[in-house]
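Biologist: I'd like to learn how to read a model like this one. Could you take me through it, starting with the empty space and moving on to the sheet?

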Amino acid sequence: MSEFKLHPQLEKDGIWLGDFELSRVLLINDSQFPWLALVPMQNDIGDIYQLDSCQQAQFWRESKRLSEAVMALYKGDKLNLAAIGNMVPQLHVHHIVRFHNDALWPQPIWGKLPAKPYSEQQKQQQIAQLQQALQPHFQVVAEY
């Protein structure tokens with residue numbers, strides 16, 4: 001089995017928090033929304049149907065864990081999930097916490113606002129909170 005390789009755009013935009021059994025969890029570096037991506041650690045997979053049935057079931061369990069954790073942490077009004085993949089072909093599912101009072105509610109966020117990266121202090125705070133919330137489910141945790 002070859003070593004897992006994260007797409008360069010996900011590497012650039014994401015902050016690795018840790019790995020579930022199947023998937024890598026990334027915090028997207030845009031402070032305007034609590035935004036995470038779940039990436040199955042399988043090379044050359046672009047769509048969910050390409051995972052075998054056991055992997056699909058595991059992926060959805062991990063998505064549920066991530067969803068529950070971020071909604072409990074951020075107390076959002078809605079959680080948007082999306083697996084678009086038109087720009088980044090590697091399978092990844094966005095988990096975006098939305099609020100009735102966010103800058104784009106009720107519109108989708110895609111292509112509307114330029115990303116606003118976290119300050120170093122904000123980034124460290126987000127990493128700590130998310131890793132604490134997800135720690136029980138991680139197989140490997142990123143160190144900062």
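Biologist: Which residues lie nearest the centre of the largest pocket?

Modeller: General idea: rolling a probe the size of a water molecule over the atoms shows where empty space is left. In this predicted model, the largest pocket has 24 lining residues, and D13, I28, W35, H94 and W110 are the ones nearest its centre. The space in that pocket comes to about 650 Å³.

Biologist: How does the lining of the largest pocket divide into nonpolar, polar and charged residues?

Modeller: You get 14 nonpolar residues, seven polar and three charged. If you sort the lining by element instead, helix α1, residues 8–13, gives the most, with four residues.

Biologist: OK, on to the sheet. In what order do the strands come?

Modeller: Read across it and you get β4-β5-β3-β2-β1-β6, six strands in an open sheet with antiparallel pairing. The edges are β4 (78–82) and β6 (140–141); each has a single partner strand, so one side of each is left without a neighbour in the sheet.

Biologist: What packs on the sheet?

Modeller: Helix α3, residues 120–134, does, and it touches β1, β2, β3 and β6. Its direction makes about 25 degrees with that of β1.

Biologist: How many bridges does β1 have with β6, and how many with β2?

Modeller: β1 (residues 14–19) pairs with β6 over two bridges and with β2 over five, antiparallel in the latter case too. G18 is a handy marker here: V141 in β6 stands opposite G18, and so does V25 in β2. The link from β1 to β2 is a hairpin through three residues.

Biologist: And how is β2 joined to β3?

Modeller: Those two run antiparallel, with five bridges joining them. S23 has P40 of β3 opposite, and the hairpin formed by β2 and β3 has six residues between the strands.

Biologist: Now the faces of a strand. Which residues of β2 point to one side, and which to the other?

Modeller: The general idea is that in a regular strand the side chains alternate between the two faces of the sheet. For β2, S23, V25 and L27 are on one side, with R24, L26 and I28 on the other.

Biologist: Are those two faces covered or open?

Modeller: Both are covered, as the residues on either side are all buried. That's six of the six residues of β2, so the strand is largely enclosed by the rest of the structure. I28 also takes us back to where we began, as one of the residues nearest the centre of the largest pocket.

Technical notes:
Residues numbered from 1 in each chain as written. Predicted model: local features only at pLDDT ≥ 70, side-chain atom pairs only at ≥ 80, totals over all residues. Heavy atoms only, no water. Pairing = 2+ DSSP bridges. Contact = heavy atoms within 4.5 Å. Axes fitted to C-alpha atoms, helices over the stretch in contact; angles between N-to-C directions. 1 Å grid on protein atoms, 1.4 Å probe; cavity = no way out; pocket = protein on both sides within 12 Å on 5 of 7 lines; lining within 4 Å. Points joined across faces, edges and corners; volume = space filled by probe spheres on them. Nonpolar A, V, L, I, M, F, W, Y, C, P; charged D, E, K, R; others polar. Buried < 20%, exposed > 50% of the residue type's maximum accessible area, 1.4 Å probe, protein only.
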